[in-house]
Amino acid sequence: MSHLIPTDQAAPADHPTPADQPIAADQSTTADQSASTDQPTTCVLIHRGFTMLGEPLFRRAETDDTPVMVVTLGERLVALPLRSLKNEFGIADETADGRMLVLIAEALEFVSGLRIGDPLPLEVCTGEASWEPSAMHLALAATRLRVQLVAWLNAGSATDGPEVNVETLLRLADDPAMRRQVQGAMDRAAEALGLENQAAVVQLLDELAHELAFVEALRDRLLQRVQAMAQKIERIVQTWRGDITQMETVTQVRRLIGIALKDFTRRFEELDAQTGEVMAALRNATSQRTFIRDKRDFLYRTQRAWQPIIDEWDSTGTDFNEGVRALLTRTYRFLAPRYMPVTEWLSPTRPARTKAPVRQMTW
């Protein structure tokens with residue numbers, strides 16, 4: 001097996017990857033909402049080569065995030081990229097094993113590892129999430145939708161709607177006056193949507209709130225935590241006593257975090273804008289669910305990639321020391337391949353007929 005790669009083989013610490021990598025690009029959710037009943041739910045591979053190799057572990061490579069199969073050969077762990085594995089075993093794309101290897105690669109966006117016999121994450125089976133938001137995030141999403149429904153009912157009135165920040169929304173959830181307005185809005189919504197009664201509106205709202213609760217959870221776990229991380233770095237900069245070389249690292253980290261936060265903010269704003277018109281969202285519940293799940297999965301993959309570096313910053317103070325210096329270096333190595341701006345240009349040495357773009361980092 002000439003393609004076997006030792007897992008302890010040296011590789012560049014900051015292996016360049018496209019923007020948003022090693023997270024999969026923002027694209028349609030791999031699981032179709034109308035998946036057929038024969039959709040596999042367990043990691044099953046029938047080629048005898050898999051059993052001959054013991055108990056293989058499928059995970060992503062530490063160097064470049066490529067999906068690989070890790071096995072023990074002698075006294076060493078070796079990794080084989082799934083793409084090479086298909087060639088080694090002669091597995092065609094249209095076979096059951098070929099389709100399963102695709103599912104395994106997709107599943108590794110949501111779990112750290114898989115073995116044969118393990119259940120596949122729900123994201124690749126049904127489109128549902130394999131994790132749960134908290135009760136607070138569910139209540140927050142449900143209240144936000146009900147406030148939007150009241151705003152729809154009162155459209156055109158001279159009364160301004162309440163400020164819908166988190167604290168206000170949680171207070172409104174127990175406000176008797178708001179509850180009365182919600183009841184009236186639900187009656188009108190049932191008429192406008194052609195539904196039989198208020199209970200049908202409640203069901204639609206609850207289903208949509210369940211999907212949006214994941215967004216609220218990711219807003220906390222990703223956006224707000226990265227914002228806190230950026231603020232901590234700003235405080236470190238204010239008391240900086242390092243040399244010029246170290247300051248260059250800090251400057252780049254600040255810049256790259258700014259780019260990341262701008263991207264995260266845009267994605268959450270797109271979600272809020274798409275689901276902000278509650279009546280349109282209720283009329284198009286299926287397409288809204290697909291849209292939300294697509295964005296949810298991308299943000300969840302992003303949050304999983306950021307989690308280790310965020311955790312380190314959560315437990316780090318703002319006094320500059322050797323620990324902070326090392327953490328800044330690790331943060332730069334994490335951010336650079338994902339958010340470093342690039343400029344595409346045509347090399348004058350290439351034949352004019354190819355017109356292939358060449359990517360160059362811009363500092």
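I began with a pair of helices, and noted that α8 and α9 cross in a left-handed sense. The contact of α8 with α9 divides into 18 nonpolar, three polar and four charged residues. The model I am reading is a predicted one.

**Entry: α8 and α9**

I looked up where these helices run. Helix α8 covers residues 198-238, and helix α9 covers residues 244-276. Their axes come within 10 Å and cross at roughly 155°. Angles over 145 degrees count as roughly antiparallel, so I put α8 and α9 down as roughly antiparallel to each other.

**Entry: the whole protein**

I then stepped back for an overview. I found 12 helices and seven strands in the protein. The protein has 363 residues, and 41% of them count as buried. I also checked contacts between residues at least 6 apart in sequence. Of these, 70% join residues at least 24 apart.

**Entry: α7 and α8**

Next I asked at what angle α7 and α8 cross. Helix α7 spans residues 176-193, and its axis crosses that of α8 at roughly 95°. The two axes come within 8 Å. I therefore logged α7 and α8 as roughly perpendicular to each other. From α7, the contact uses Gln183, Met186, Asp187, Ala189, Ala190 and Leu193. From α8, it uses Gln198, Val201, Val202, Leu204 and Leu205. I sorted the residues of this contact by class and got eight nonpolar, two polar and one charged.

**Entry: α5 and α7**

I stayed with α7 and turned to its meeting with α5. Helix α5 runs over residues 135-153. The axes of α5 and α7 come within 8 Å and cross at roughly 70°. Angles of 65 to 115 degrees count as roughly perpendicular, so α5 and α7 are roughly perpendicular to each other. The crossing of α5 with α7 is left-handed.

Which residues meet here? On the α5 side I listed Arg146, Val147, Leu149, Val150, Trp152 and Leu153. On the α7 side I listed Met178, Gln181, Val182, Gly184, Ala185, Met186, Arg188, Ala189 and Ala192. By class, I have 11 nonpolar, two polar and two charged residues in the contact of α5 with α7.

**Entry: glycine 184**

I picked one residue from α7 for a closer look. Glycine 184 sits in that helix. Is glycine 184 buried or partly exposed? Its relative accessible area is 28%, so I recorded glycine 184 as partly exposed. I also checked its spacing from valine 150. The C-alpha atoms of glycine 184 and valine 150 are separated by 8.2 Å, with their places 34 residues apart along the chain.

**Entry: methionine 279**

I moved on to helix α10, residues 278-283, where methionine 279 lies. Methionine 279 has 5% relative accessibility and therefore counts as buried. What does methionine 279 touch, not counting residues up to four places away in sequence? I found Leu149, Trp152, Ala189, Ala192 and Leu193. Of these, Leu149 and Trp152 also appear on the α5 side of the contact with α7. I noted one more distance: methionine 279 and glutamine 148 are 8.8 Å apart, C-alpha to C-alpha. In sequence, methionine 279 and glutamine 148 are 131 residues apart.

**Entry: leucine 103**

I found leucine 103 in helix α3, which covers residues 96-107. Its relative accessible area is 11%, so leucine 103 is buried. Leaving out residues up to four places away in sequence, leucine 103 touches Gln39, Pro40, Leu120 and Val124. The C-alpha atoms of leucine 103 and cysteine 43 are separated by 8.5 Å. Along the chain, leucine 103 and cysteine 43 are 60 residues apart.

**Entry: cysteines**

That distance led me to cysteine 43. Cysteine 43 has 0% relative accessibility and so counts as buried. I checked cysteine 125 as well. At 6% relative accessibility, cysteine 125 therefore counts as buried. How many disulfides does the structure hold? I found zero.

**Entry: aspartate 65**

Last, I looked at a loop. Aspartate 65 lies between β2 (57-60) and β3 (67-73). What is the phi of aspartate 65? I read a value near 70°, which is positive, in a residue other than glycine. Most residues other than glycine have a negative phi. Buried means under 20% relative accessible area. Aspartate 65 has 19% relative accessibility, so I entered aspartate 65 as buried.

How values were computed. Residues numbered from 1 in each chain as written. Predicted model: local features only at pLDDT ≥ 70, side-chain atom pairs only at ≥ 80, totals over all residues. Heavy atoms only, no water. Axes fitted to C-alpha atoms, helices over the stretch in contact; angles between N-to-C directions. Helix = DSSP H or I, 4+ residues; strand = E, 2+ residues; numbered from the N terminus. Parallel < 35°, antiparallel > 145°, perpendicular 65-115°, else oblique. Left-handed = near helix turned anticlockwise from the far one by under 90°. Nonpolar A, V, L, I, M, F, W, Y, C, P; charged D, E, K, R; others polar. Contact = heavy atoms within 4.5 Å. Disulfide = S-S within 2.5 Å. Buried < 20%, exposed > 50% of the residue type's maximum accessible area, 1.4 Å probe, protein only.
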